Amino acid sequence: MKTKYQGVLDLGEKLAIANGDVKEENGVLHVTGTAKNQYEKNLLWDKIKEVGGDNPTDIQANIEVADTSIFASHTVKSGDTLSKISKKYYGKSGKYNVIFEANTNILSNPDAIQIGQELVIPNL
């Protein structure tokens, strides 16, 4: 089972999932840990479904979320816009204003984000 879900385990390491544990019992892989935020938990579940299908029976994952007050955090990189960031996290570029409103403590204009700024991506 570990081989089948190695991509999930690798992603967990990349995301630095806290308190991670993996056990295999009776042909079922049991995975536990704590993601930093809901977005990272969603990434893990998307990877699980990519490997095992929508309702995999050979893996049980109990992934907690450390910070439920936000959906994610994002460090602005070259080429980022609030619309692109919105598309990444929400699947819709039109939610950029939600991100802007959540970050008015560091942003005064939605068209003027700076590389290196740490943005809060709020829950919808």
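This passage looks at strand S3, the loop residue Asp58 and helix H3 in a predicted model.

Start with the strands. Strand S2 (residues 28-35) runs parallel to S3, and the pairing spans 7 bridges. One of the pairs matches Gly33 with Ile63 of S3. To get from S2 to S3 the chain passes through H2, and this β-α-β crossover is right-handed. S3 itself has two faces: Ile59, Ala61, Ile63 and Val65 sit on the covered one, while Gln60, Asn62 and Glu64 make up the uncovered one. That fits the usual pattern, since in a regular strand the side chains alternate between the two faces of the sheet.

The loop between H2 and S3 holds Asp58. Is this acidic side chain's residue, Asp58, buried or exposed? With a relative accessible area of 13%, Asp58 counts as buried, because the cut-off for buried is under 20%. Its side chain makes a polar contact with the side chain of Tyr5, at 2.5 Å. Beyond its neighbours within four places in sequence, Asp58 also touches other residues, including Met1, Lys4, Gly27, Val28 and Leu29.

Then there is helix H3 (residues 82-90), whose buried residues are Leu82, Ile85, Ser86, Tyr89 and Tyr90. These lie on the same side of H3, because they cover an arc of only 100 degrees around the axis. As a rule, an α-helix has 3.6 residues a turn, so residues three or four places apart point the same way. The cover over the buried residues of H3 includes helices H2 (38-52) and H4 (96-102), along with strands S4 (72-75) and S5 (118-121). Just after H3, Gly91 adopts a positive phi of about 80 degrees.

Conventions. Residues numbered from 1 in each chain as written. Predicted model: local features only at pLDDT ≥ 70, side-chain atom pairs only at ≥ 80, totals over all residues. Heavy atoms only, no water. Buried < 20%, exposed > 50% of the residue type's maximum accessible area, 1.4 Å probe, protein only. Helix = DSSP H or I, 4+ residues; strand = E, 2+ residues; numbered from the N terminus. Arc of directions from axis to C-beta. Contact = heavy atoms within 4.5 Å. Polar contact = N/O pair within 3.5 Å; in protein donor to acceptor, adjacent residues only side chain to side chain. Pairing = 2+ DSSP bridges. Right-handed = clockwise from strand over helix to strand, strands pointing away.
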